[in-house]
Every structure is written in C-alpha cells, then in structure tokens.
Amino acid sequence: MEAELAALAGAGASAVVQAMATDTWADVRLRVSELFRRAAADAPAEAAAETPAGAAAAEETAAPPRPAEEPSPAAPPESSDEVTARWQASLRSLLEQHPEAAAELRALCEELTQEAAGEAAGEVADRLSDDSAGGPATGPDSHPVPPVRNSITGGTQGHVIQAASINALTFQASSPRSALPDPDGWPRAEDVDPVALGVRPTHRIPGLPALPPYVLRDRDDALSAAVTRAREAGGLVLVLGEPFAGKSRTALEAMAQGLAGFRVFAPARGADLRGLPALLQGRPGRYVLWLDDLDGHLGDAAGGGGGGGLEPRLLSQLTALGVTVLATMREDAYDEHRHAPHGRVLDLATVVELAREWSPAERARLAHRAGRAGDPRLVDALCSSGPEGAAAYLTLGPLLWDEWWRARRADRHPRGHALVRAALDLARCGLHGPLPMDLLTKVHEGYANVTGMDREPLADAREWATERRHGLLRFLVRGTDDTWRVAPFLLEAAARHETLPPVDGRIWRYALAVARTDDTYDYPALAATAREAFRRAAEAGDSAALHHLGLVAESLGEGTEAEEWFRRAADAGRPESAGRLGRMLADRGEGKAAEPYLELAAESGDAEAATLLGKLLRERAEHWLGVGREGGSAEAAYLWGDLRLAAGDGIEAFDGYCEAIEARCADVAGSYGSLLLLWNHRRGAEVWLRRAADSGDERAAQRLRDLLETVTPGETEEELQGDAEKGRALAAANYGVFLETRGDPEQARPWYLKAYESGDPYGAFRLAGLHKKAGEPAEARAWYRKAAALGHPGAKRALEEEDGTLIV
C-alpha cells in the first residue's frame, strides 16, 4: 500500500510540474488547490496541524512547498527535478494523512497524461514540419536559437510567453512571510519599550522614567509559572482582565523576567501571521510572539476575512518551533470571541486572570514600592486610587486630564470645563472637602477666558462634569447632599501642568470666606498660603493682589500691615482699597485724612463709603457752622440747628433757631416750624411753616398742608400775641397770620404793618395779599414791590407772574 501511494505521488508530481509549462496550468493549479483544501477541511484541527507540509500547501493554494530557507536573489533557480521532488513529498504526505484523496489524484493524473500525449503528438508534427522546411529553428541571422530557460516568480501569473524549447522551469509562489521583518532585528524581551508595545503612559515627570516602577501583583506567580512552561514547550499564555487592569504592563514584566534573551515580534493589529513558521524554521535562538489585545489577531477576525490571524493550526506550528505566544485580552472581548469559529484558539490558551481592583496585599506592596522609589506617581496612586485600582488610576488620569482641558473650547463643553475648574481651583487653594454646587456655580461664572458658556445649559454642564468615564472615574465626585469635590487625579495633575494659570485672587477670596466660617479648615494656614500667592502676583505688578494682601492681613488682625497694603493699592487706583483704608482712618479718628479715600470709593459706587464720608463731612460742617454761630452769623446758627436737629438734639437745635430769629433771619422759618411741629405745637408750627411756604419753601409748604389736614384747636393766642407785643423778631407778622387765618384780617393788618416797619418783608407780603383779596390791585402791587425790595422771594414771584418783570 505504501509503495502504491509513493508511486501515485510521484506520478502526480510529474504531471503537475509538466502542466506548469502548458496553457492548462491555471486550471490544474486550481484543481490541485481544491484537493488540498478539501482534505484540510475534512480533517480535525489537530490532524491538520500535524501535517505541516500539507497545511502549508493548502494555505498557499497548491503552490509547491516553500523551502526551509528563502533563496537569496543571487541563488540559481531550481531545476524541474528539484521542483518535482518537492511536489512528490507534499503529495505523499497528503495521501498518507488522507488516503481518500488518492482516487481524485489518480483521475487528475490520467487527464494530465492524456493531454500531455496529445500535445506531444502535435509537437512531433510541428518538428517534422520544421525539418521539412529547413531543419532546426534559427534566428534572424540564421544561427540556431539557444534553448530558453524560464523562471516564473511571484503569485498568480498572467500570460506566459515561451519560445523554442524550455530547458528548465522554476516556479516560486508568493509567501506571507515576505512582509514580515527579519527576526534578527526583533528586540530582546528585556529590552522592549513597554509603551511601544501597548502599555498606556502615565503622567510624564522630568527626570523620571516614562513609567513608574512596577508593583508586584497577586497573580504574578501564576503568570510566571505559565510563562516558564511556555518557555520550555511553547504555547499561548493569555492575561485576561477588565480594561485598565494593568494587563499589558503585568504581561510584559513577566516576559522580561521569564523570557530574557528571547526575541520579540509584536505585529500590528490584523497582520498576516501565516508566514511566521516558515520564517523561523531552522533559525537558531528563541522567539516570543506578543499579541496585545488578542481579539485583533484572531483568525479571520484579524484580517477581515483573510485568515491571517492566530488559529489552532498556526499556533501548533509555532509551538512545534518552541515559540511562546504571550497575549492580553479584555474580558468582554474574550466572551464575545470565545465561541466564534475564529476564537477556537482560545481553548488552547493558559489563561491568567488579573483583577482591576487591587487587593490589600497589592496596596501594601504599592506603599512599600512608593516609599522606596520615591516616585510621586506611585504616591498619588497610593493616596487617591479607589475601587478603580492603582493601574487604572495611573493610566486613565492623563487621558481624562486631556479630555477636560480640551473641553474649554466653545464647541465642546466650556461651561462643564469651568464648573470643574471652579472645584479644582478651590481645591488648589486648600478646600479639599466637598463644596456646595451653588458655590461652584457662582465661582465658575467668573472665568472670563472661557468662551461659549452661554451655549451650554448649566444642567448639561453638570451632567458632563459628574458622569463616569470608562465606567470608572468622574471629574466631580459627590459628597453628601448636593456637595462635590474635584477628582484627586485632576488636582494632582494640575500641579504638573504649566498650562493651567495660577489661582485668581477672586477664587482665593471665595476660599478664604469658606475657610473663615468652616472649622474643617485651618484658616491661618490657608491664609498663609493665600498670602504667598498674592505676594508673587503683587511683585508681578498686579494691583488687585495688593488689595487681597490687605484683606488677608486684616482678617488675621494685623491692622498696621493691612493699612499699608490698602494704601499701596489705593494709590495704585483701587477704589475698594481706598474705601477700606478710609474706614480704618475714620475709625481711628482721622476723619480728615479718611475723606479723600472715602471720596474715591464713593465715586466708584461704594454706598458705605459715601455714607461715612457724609457723616464725616456733617461733623466737620457742624464744627465750622458752630464757629460761625459763635461769630454772630444768623445763617450759621440756623444751619447748625438743622444739623443738631438731624442728629436728634432738638434742644440745641431750638437754641440755634432762636439765635437766627433774633438776628431776623427769615430762612429759619421752615426749620423752626418743623421743630414746633415735632414738639406738637401745631398753631405755632402752622404760622412758621406758612411763612416758609410763602417764601417758596416747598418742604415747608408740604408740611403745612399735612398739618392743616390734622390740626386741632388748642393753641393759645396769648403766646403769639405776647411775642408780638414784646417786639420779638418776626413775631408781629406771625401774630397777624394767626389773626387772619382765624377770620380777622382787619385786626391782622396793623401787625403786618408793624412787622414791615421792623424790617420783616413778610409783613409787606401779607399786606399785599389783603389788598389783593379786597380788589385793590394797585395797592397790592405796591406792597409786593416793598416786600420784594426787602428780598421776599414770594413777592418776587407774585410780581413776575403779574407782569413778567423780574425784581432784582
């Protein structure tokens, strides 16, 4: 039976090689390819893997088996005998593994033999024809044409032109290994760059390696044992876990330790790996195939239908060559591909699962490593990582920082960026605890360099800032109720990024206000930090920082230093500092020195400064009006009385008014009437208010109207008559008004005349009124002129209304 198979394989090889030089080669090649494919498809995966020559032939669509070493360009082409021998070996291997293929191969041989016989007969006829025409073929110069050597290289060929006889034919099929790099250039396991092979980078710190020192994981022993077994016998070791569990870093550490000296090949996702066995066949040295995210390298799933990924037959060939395949895979991808046809290779893997959350033992090793290495990234991970695990914290942090920073643009999430920045800046000030969302909302509105916030509703910004990224980390972490704090990874990253500007003084003021009322925070310590920040800003020319330095000193009870900072800020044009300094000076009794600072603040809209300035000016006015009163000024006396009345001292106001009355100052009438009204002397108030109203005092007129609506009898005539008979200034006219309003105008007339004769213009004004009522316009006009000549404003208006003449 064995001899029969060997004879059939030899006949088949001869037929196939002969067909290569004919026009039927394309059809023959297809039929031979199908023969190998059907045999491979009918066999179990293990059996196919045990037939490397047949598998290779099937994979290469029935091309001749590849030599162990790729021939160099300078190597001579193979002879037809060598090609026939290699085909014979492949077909014999096929028949030994699949005897059922013998019948089809025998039929193919018979067809090819018959076709070859027909072609041979035609060739004899052609030769006879050539001989009768003049012998052997010659060229244009009548010399015999030398035999032609044909060499066909590459994949599928188009038309092949042959001339004369063919001395030798070499056919070399294309191979997937032609695109694979030379193994001599592959890096050694201990020299690979983890970041280049798939490890996500952490924050870069000048002077430190790209990655922090590795921290031992609980599964390292199991992984090391699996790698050791694969080192001895080859095979697939798969590190399985959730995203950001640290799979790649852990696997590469195991590779560096357990496979030192091995050369590492890390193909791109979807690369055709079928040429690896032939590429590595017969080479000295040891090799490891690194497949990060194995789902991108599985069978047809890797090559988009090309079948160039890892599958059981290829893994078997690599294992036979002692190649270790080390891979990583996410759990969700493993579940997705596990039962798919292209995922059958997963059944052959030694799986080591790696948890994302770190155990207490792992955190203890992290603490030890951080203490010894002094790498701040490990310290941050130790202090701030939670259920997401230290590996996720280290690798996800830089990604999220970039996302947050880019969100400041108007077409992204500017309000969300500002909301997070408010919490971040307050934390940079020292407020590390949860803060009310109302505070964050108030603070975030002040970022003038963040544009487009009006396009993003606050509700959307809040949702963006508080949602989980990759199911793990948020920008804002919730406290109790509606309080939030910035994620630690942002706070730690902010200290390393020069692109983030220093905390603005406005934010410091909010922070200091919170710390002053919240016992959770050490206010003096926070104030000391704020002082340093403000001092640096002040040295850089920021006048607002001068004001903030004053506020800090004032809050700490350092009045002298606060005054100095406020003075420097006020001199630099800061109105808020001027207001503060003015108050400090006024409180110390230096009102005159305070006035210019308070005026600067008042002009900028500081109501408190304006009020204090008014009080100071009133006090000064009262002082100087008092000096004028003592010097005999009637106007000063009544104005001084007004100030005392406004201050609530009616007795001193009365004294001032009386002095003004004795000095015949009629302008005091409204003030004196108001005082009498305040003391409930209604009749007297009515008379004095009427005098003031008649002179044009609108305030007195209004008070008079109010009084007349509510006045009740009870005022005594004797008081007014007595004052008039005693010759008290202004009293005669007042008594006349009383008599006139009581209904006795004729009795009032002599008192008006007496008042005029004493120099009171009001007497003349009232006489003019009596003549006007009596229908005596000429007499009325004459008395108005007399009153106007004495300076009575009411009389001037009356004449002006009568003839448009302004009496000067």
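## Strands, helices and cores in a predicted chain

All 5 of the 5 residues of strand β5 (residues 287-291) are buried, so β5 is largely enclosed by the rest of the structure. Here, buried means under 20% relative accessible area, exposed means over 50%, and partly exposed lies in between, with a 1.4 Å probe and protein chains only. Helices (H or I, at least four residues) and strands (E, at least two) are DSSP runs, numbered from the N terminus. This is a predicted model, in which local features need pLDDT of at least 70 and side-chain atom pairs count only at pLDDT 80 or more, while totals for chains, interfaces and linings use all residues. Residues are numbered from 1 along each chain as its sequence is written, and side-chain values use heavy atoms, with hydrogens and water left out.

The chain contains 37 helices and 10 strands. Of its 808 residues, 45% count as buried. Contact means heavy atoms within 4.5 Å. Among contacts between residues at least 6 apart in sequence, 63% join residues at least 24 apart.

### The parallel strands

Both faces of β5 are covered: Tyr287, Leu289 and Leu291 lie on one side, Val288 and Trp290 on the other, and all are buried. Strand β3 (residues 235-241) is likewise largely enclosed by the rest of the structure, because 7 of its 7 residues are buried. Gly235, Val237, Val239 and Gly241 point one way from β3, whereas Leu236, Leu238 and Leu240 point the other way.

Two strands pair if DSSP finds at least two bridges between them. The table lists the parallel pairings that involve β3 or β5.

| Pair | Bridges | Residues that stand opposite |
|---|---|---|
| β3 and β6 (residues 324-330) | 7 bridges | Leu236 and Val325 |
| β3 and β7 (residues 349-354) | 6 bridges | Leu236 and Ala349 |
| β4 (residues 263-265) and β5 | 3 bridges | Val264 and Val288 |
| β5 and β6 | 4 bridges | Trp290 and Leu326 |

Strand β6 thus appears in pairings with β3 and with β5. Leu236 of β3 stands opposite Val325 in β6 and opposite Ala349 in β7.

### The antiparallel sheet

An open sheet of 3 strands has the order β8-β10-β9, and its pairing is antiparallel. Its edge strands are β8 (435-436) and β9, each of which pairs on one side only. Strand β8 is joined to β10 (residues 483-486) by 2 bridges, and Leu435 has Trp484 in β10 as its bridge partner. Helix α16 (residues 414-429) packs on this sheet and touches β8, β9 and β10; its direction makes about 70 degrees with that of β10. For such angles, axes are lines fitted to C-alpha atoms, for helices over the stretch in contact, and values run from 0 to 180 degrees between N-to-C directions.

### The nonpolar cores

In soluble globular proteins, nonpolar side chains tend to be buried together. A nonpolar core is a set of buried Ala, Val, Leu, Ile, Met, Phe, Trp, Tyr and Cys residues joined through side-chain atoms within 4.5 Å. The largest nonpolar core has 71 residues, of which Trp404, Val420, Leu426, Leu431 and Leu440 touch the most other members. Helix α15 (residues 390-406) gives the most to this core, with 10 residues. Leaving aside neighbours within four places in sequence, Leu426 is in contact with Leu431, Leu435, Leu439, Leu440, Val443, Ile507, Tyr510 and Ala511. Apart from this core lies another, of 28 residues, which includes Leu180, Leu240, Leu280 and Leu289. Two of these names have already appeared: Leu240 belongs to β3 and Leu289 to β5.

### A crossing of two helices

The axes of helix α30 (residues 682-694) and helix α33 (residues 731-742) come within 10 Å and cross at roughly 105 degrees. That angle makes α30 roughly perpendicular to α33. Angles under 35 degrees count as roughly parallel, over 145 as roughly antiparallel, 65 to 115 as roughly perpendicular and the rest as oblique. Arg683, Val687, Trp688, Arg690 and Arg691 in α30 meet Ala733, Asn734, Val737, Phe738 and Thr741 in α33. By class, this contact has 5 nonpolar, 2 polar and 3 charged residues. Ala, Val, Leu, Ile, Met, Phe, Trp, Tyr, Cys and Pro count as nonpolar, Asp, Glu, Lys and Arg as charged, and the others, Gly among them, as polar.

### Two residues with positive phi

Most residues other than glycine have a negative phi. Asp293, which is not a glycine, has a positive phi of about 55 degrees. Asp293 is found in the loop between β5 and α10 (299-303), and is partly exposed, with a relative accessible area of 28%. His470 also has a positive phi, near 55 degrees. His470 lies in the loop between α18 (458-466) and β9 (476-478), and counts as exposed at 52% relative accessibility.
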